[in-house]
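This briefing goes through some contacts, cores and helices. Please look over the sequence and the structure first.

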Amino acid sequence: MSSSMTQSAPKTTSVMNSIDIDVGGTFTDFVLTLDGERHIVKSPTTPHDLSIGFLNAVESGAEKVGLTVDELLPRIDIVRYSTTVALNRLLQRQGPRIGFVTTEGHEDMVHIGRGAQWVDGQIISERRNLCAQNKPHPLIQRDLVVGIKERIDSKGVVVRPLDEEDVRRKLRVLMDRGARAIVVCTLWSFVNPAHEKRIREIIREEYKEFHIGFVPVVMSHAVTAKLGEYERAMTAILDAYLQHAMQTEICATWDKLRDQGYRGTFLMIHNSGGSADIFKTPASRTFNGGPVSGLMGSAFFAAKLGYRNVIMGDVGGTSFDVALVVESGVRNYEFKPVIDRWMVNVTMMQTISIGAGGGSIASVDRNGRLTVGPKSAGSMPGPVCYDLGGTEPTTTDADVVLGYINPDGYFGGQMPLNKSKAEKAIKDKIADKLGVTVFEAAAKMRNVIDENMASAIKREVHMRGYHPEEFVLFAIGGAGPTHVSGFQADVPKAVVFPAAPVFCAMGSSIMDIVHLYEQSRRMVFMEPVSEKLIVDRVAFNAVVQEMIDKANQELVSENLDPREAKYSLELDMLYGGQVNVKRTDCPVLKIESDADAQATYDAFEKEFSAAFSPLVVNRPGGVYLDNFVLRVTVPVKKPPIPEYPLQGKDPSAAKSGTRECYWMELKNTAPTAIYQFEKLQPGNELLGPAVIEAELTTVVVPPGRRFHIDKHRLGILEYVEGANPAQRAKSAAKKKAVTA
């Protein structure tokens, strides 16, 4: 596929050459767009130093286009980067000692937490084991928390002036106890940040930039200006905790790029669905950036292909990520997401993730129960077949043993696999314990992991009130096409992209530059009982204008023209007497008339009714506005999706041979036709069982499925007549009803 983009400021018409990187737990995905042509590469992730894996991917990409790195990088206009480094460092608890400054009397805020803190971030099976529940070990020691003499009320009025001597005295206590970063979170600072700003000034006066004792200072109102002291505090704490680790990783990558001639823009993908300057990105905004890139890419391709409802199923090495595109939109948010074990107050695009992927480890417990995941072998040592020291059988080992993955062609032939070691590991650790053959054990492993992924999709779809039959499934990630037949379940159609292994990185290549600004401000929008729209227009517009001014300053600082940006407003609103808050797409940027106010309310009622039912609309209870969200979008030119003339159905020209594969549907091995994805032509069609090998992935087509190539050269996997489980269930129910 060709691709071209434009930068909104000085280069509104020029074609942009870009590099898009997604650093995963197992592989680093790389998409190079050069002179309108797209090239994809995967490189093993190097957990000890992510910049090494990054540069390895760049080198491989440069080789693909016949250039050296020094020749390629000066031609690149923009680099977009998503990474899991923040989460990895958090899981390893590799952060500095943090001092926490808050309002006197609220020192135990983050240690008490909220009631759900006992189970936040745990999987369902762990939550059920109540006896084993413990609060997470705090990121801040209690002796590094101080309360200072000050108080601002909910209206922003200073109730107790800031005692500056008290601040200086307690600051020295924190430094003497080893604090290497300071977080400041005082009550109601998002309404009036004067005290937080002054505390920061005092810290800078005491420990200046040229002092050895200089420490980073994070103010909670600057990180997230929203209601909720605990969540706001935890967001600021996580940013401070991860800042140094991320700075080290990013700066190492940046320095190497600059040393080799890169002079363009370096953007970080945000979990809000946009991107921004990498050195102006809070750490909490990078969490889950890869899956969000995949979601945005799914929304783009869904619109181009004419699909209104899409499920994104991303199978990587360590995790399976699910996200939905509903009615051509991706406005599904997590308002208070949990990062690791901590609830924070940043708005993220909604995705779910489970521990299921190519590296998921299989084991048999003492009760003879087979489990696969969530523990993963990662990239080092990786699956047993990698022959890098791994000893625990994984999903990839099962795929190799079953014959689906060619040991000599894995990773484009760059990483030969050891099939015999995989067989021995599965025999010793799984088959012998279950009393079955190696083939049967591998098939059971595959079935368990596929069922886990299918269940994740069903939960996500059904819990939102939808039906899987109404969706199309995008199978992405390195192992997505390999396992899509297993987790497709009731979804009638699955789409396989040639670039599926690097789809998240490709998704970032079509993402607009988006900045998100939030400001909590409680306002009465509709008066209770009378149902009159009494929103304070002056106050409403003042909040919006303040956010616009801040956005314009940041756009200019990033060499972007505010005149090229699109501004949209979203409002968090709720009915009086209810707790359900609905984020509503506001039809106007400012409320200038009664008509504007009415249009805003009408939009809220429509979206609220769709989400929670028209029966719970409570106009007599009034309507309250809780939070403003300004989305600033700098559009980039999107790549076209080319169309090709359809050829005949016969795929024989793409057949490369046969291989013995084990099929659960047949309960035996069978000679299976092997095809080359790149040689299949639009219109070609084949029936399972079959295996289709692409450069960086493999598509498994079991008996009962049909696979064909559409006019865009995308693979379409569908059930043959009568094989869809949803159709069979409906037919059975219909027969039962007729019989009754």
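F707, setting aside neighbours within four places in sequence, is in contact (heavy atoms within 4.5 Å) with V496, F677, L680, N684, E685, L686, I692, V699, V701, G715, I716 and L717. The model is predicted, with local features needing pLDDT of at least 70 and side-chain atom pairs pLDDT 80 or more, while totals for chains, interfaces and linings use all residues. Residues are numbered from 1 along each chain as its sequence is written, and side-chain values use heavy atoms, without hydrogens and water.

**Nonpolar cores**
- The largest nonpolar core (buried Ala, Val, Leu, Ile, Met, Phe, Trp, Tyr and Cys residues joined through side-chain atoms within 4.5 Å; buried is under 20% relative accessible area, 1.4 Å probe, protein chains only) has 106 residues.
- F474, F497 and F707 touch the most other members of this core.
- Helix 13 (residues 438-463) gives the most to this core, with 10 residues.
- A second, separate core has 75 residues, including Y81, L139, A181 and C185.

**Helix 7**
- Helices are DSSP runs of H or I with at least four residues, numbered from the N terminus.
- Helix 7 (residues 194-206) has 13 residues and should span 18 Å, because the expected span is 1.5 Å times one less than the number of residues; its end C-alpha atoms are 19 Å apart, which agrees.
- Its buried residues are H195, E196, R198, I199, I202, I203 and R204.

**Helix 1 and helix 9**
- In helix 1 (residues 50-64), L50, S51, I52, F54 and L55 meet E249, A252, T253, K256 and L257 in helix 9.

Methods
Helix = DSSP H or I, 4+ residues; strand = E, 2+ residues; numbered from the N terminus. Buried < 20%, exposed > 50% of the residue type's maximum accessible area, 1.4 Å probe, protein only. Axes fitted to C-alpha atoms, helices over the stretch in contact; angles between N-to-C directions.
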